[in-house]
Amino acid sequence: MLQNIIILVLSLGIILTGCELFTNGIEWLGKKLNVGDGVVGSIFSAVGTCLPETLIPIIALLFSKSSESVDIGIGAIVGAPFMLSTLAFFITGLSVVVFAGRRKTGYILNVNLEILSRDISFFVIVYTGMILASIITFGVVKNALAFILIGCYVYYVFKTVNGDRSSDEEIDDLTFARAFNTKANIFVISLQVMVALTVIIVGAELFVSNIEVVSKGFGISTLALSIVITPIATELPEKFNSVIWISKSKDTLSLGNITGAMVFQSCIPVSIGILATCWRLDTITLVSALLALCSALVTFLWIKVKRQLDPIPLLSGGLFYIFFIIFLVERGFK
């Protein structure tokens with residue numbers, strides 16, 4: 001048990017190291033391609049960090065026929081946006097409070113409100129479509145909705161790329177260029193990003209495998225593990241990336257990393273899930289989906305009313321997460 005706890009702590013360090021490399025490399029990639037923070041945060045970073053854990057439930061759905069695997073796969077697909085819109089929002093808001101003294105704008109987030117509002121509105125629309133798909137009984141209509149979700153993500157990428165401006169914000173020297181005393185060309189940048197993603201995946205795998213052992217050692221049920229603990233581990237890269245960018249006052253990158261991942265997770269994995277299964281949401285997944293929508297809407301409405309963003313609506317995501325944990329406890333994790 002002690003060995004697993006030590007490995008657990010070391011894996012966190014591995015993930016954090018990978019995230020440091022990734023945020024640095026992805027910023028340089030955006031600079032070389034002459035794109036802005038919207039594309040870097042909402043597309044490059046969001047898809048890059050959420051793709052590894054997204055593939056796991058998709059592979060389970062495509063290659064496993066057992067009802068248990070299907071249920072776990074659907075739960076993982078629906079649960080990822082829930083974790084991002086509640087816990088990740090909360091951690092980001094908490095990071096603003098913690099780093100307020102060193103941030104250029106203090107408690108106010110210097111974020112592109114247009115990009116953030118667009119991301120959240122896309123998420124609310126497509127995630128609502130995901131819920132509606134679960135109550136549609138006509139297979140043709142349900143499959144058509146899956147392809148509509150894919151089309152929505154293509155449109156989202158198009159809007160993000162065309163509505164973004166290149167950023168002239170200063171960025172740190174490329175880590176690999178400095179370490180190997182070479183120029184920050186596209187090859188070195190791409191190499192750093194790929195190495196960073198590999199490190200993140202290795203760290204996440206170590207974390208998940210060891211947290212399972214530790215959880216069972218403390219008598220935590222497998223169901224509790226799959227619903228609550230494992231998703232926290234698999235979404236760690238997004239959380240770490242956002243904390244790193246918040247500490248550097250790069251708020252559009254930080255929040256775009258989360259909201260962009262929310263849009264991606266609600267379109268591509270969901271569409272595959274709809275096409276590969278009967279796509280029925282049980283009570284637990286339905287409640288988590290509704291709470292995810294509520295948490296996202298709080299931040300969206302705050303932006304529309306206040307015309308600015310501070311940590312308060314982001315911190316409220318923690319309340320929705322706590323409510324879900326209480327709901328699970330009341331049900332006895334059944």
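**Exercise 1. Place Ile186 in the fold, decide whether its side of the helix is buried or exposed, and find the surface patch that it helps to make.**

Step one is the element: Ile186 lies in helix α7, which covers residues 186-217, where helices (H or I, at least four residues) and strands (E, at least two) are DSSP runs numbered from the N terminus. The model is a predicted one, in which local features need pLDDT of at least 70 and side-chain atom pairs count only at pLDDT 80 or more, while totals for chains, interfaces and linings use all residues. Residues are numbered from 1 along each chain as its sequence is written, and side-chain values use heavy atoms, with hydrogens and water left out.

Step two is the accessibility: Ile186 counts as partly exposed because its relative accessibility is 43%, given that buried means under 20% relative accessible area, exposed over 50% and partly exposed in between (1.4 Å probe, protein chains only).

Step three is the patch: Leu33, Ile186, Phe187 and Leu191 make a nonpolar surface patch of about 390 Å². Patches are made of residues with over 30% relative accessible area and no salt bridge, like charges being joined within 9 Å and nonpolar side chains (Val, Leu, Ile, Met, Phe, Trp, Tyr) within 5 Å. The areas come from the Shrake-Rupley method with a 1.4 Å probe, and for residues only the protein chains shown count as cover.

**Exercise 2. Describe the surroundings of Lys142, and state whether this residue is buried or exposed.**

Begin with the element, which for Lys142 is helix α5, residues 139-162. Lys142 has a relative accessible area of 6% and is therefore buried.

Next, list the contacts (heavy atoms within 4.5 Å). Once neighbours within four places in sequence are left aside, Lys142 is in contact with Ala133, Ile136, Ile274, Cys278, Trp279 and Arg280.

Finally, look at the polar atoms: a polar atom of the Lys142 side chain lies 3.3 Å from the backbone oxygen of Ala133. A polar contact is a pair of N or O atoms within 3.5 Å; within protein, one must be able to donate a hydrogen and the other to accept it, and residues adjacent in sequence count only if both atoms are side-chain atoms.

**Exercise 3. Work out how many salt bridges the model holds, and describe each pair.**

Side chains of opposite charge can pair when their charged atoms come close. With a salt bridge taken as a side-chain nitrogen of Lys or Arg within 4 Å of a carboxyl oxygen of Asp or Glu, the count comes to three.

Take Glu27 and Lys250, whose side chains meet at 2.5 Å, N to O. This pair links distant parts of the chain, 223 residues apart, with Glu27 in helix α1 (residues 2-32) and Lys250 in the loop between α9 (236-247) and α10 (251-276). Glu27 counts as buried because its relative accessibility is 9%, and Lys250, with a relative accessible area of 8%, is buried too.

Continue with Arg103 and Asp251, which form a salt bridge at 2.7 Å, N to O. Here again distant parts of the chain are linked, Arg103 being in the loop between α3 (67-98) and α4 (113-133) and Asp251 in helix α10, 148 residues apart. Both Arg103 and Asp251 are buried.

The pair that remains to be described is Arg118 and Asp119, whose side chains meet in a salt bridge at 3.0 Å, N to O; both of these residues are buried.

**Exercise 4. Find how many aromatic pairs there are, and classify the pair of Phe122 and Tyr155.**

A pair of aromatic rings is described by the distance of the centres and the angle of the planes. Rings of Phe, Tyr and Trp (its six-membered ring) pair if their centres lie within 6.5 Å, with planes under 30 degrees apart counting as stacked, over 60 as edge-to-face and the rest as tilted. The count by this rule is nine aromatic pairs.

For Phe122 and Tyr155 the centres are 6.0 Å apart and the planes stand at 35°, so the pair is tilted. Phe122 lies in helix α4 and Tyr155 in helix α5, so the pair ties together parts 33 residues apart in sequence. Phe122 counts as buried at 14% relative accessibility, whereas Tyr155, at 45%, counts as partly exposed.
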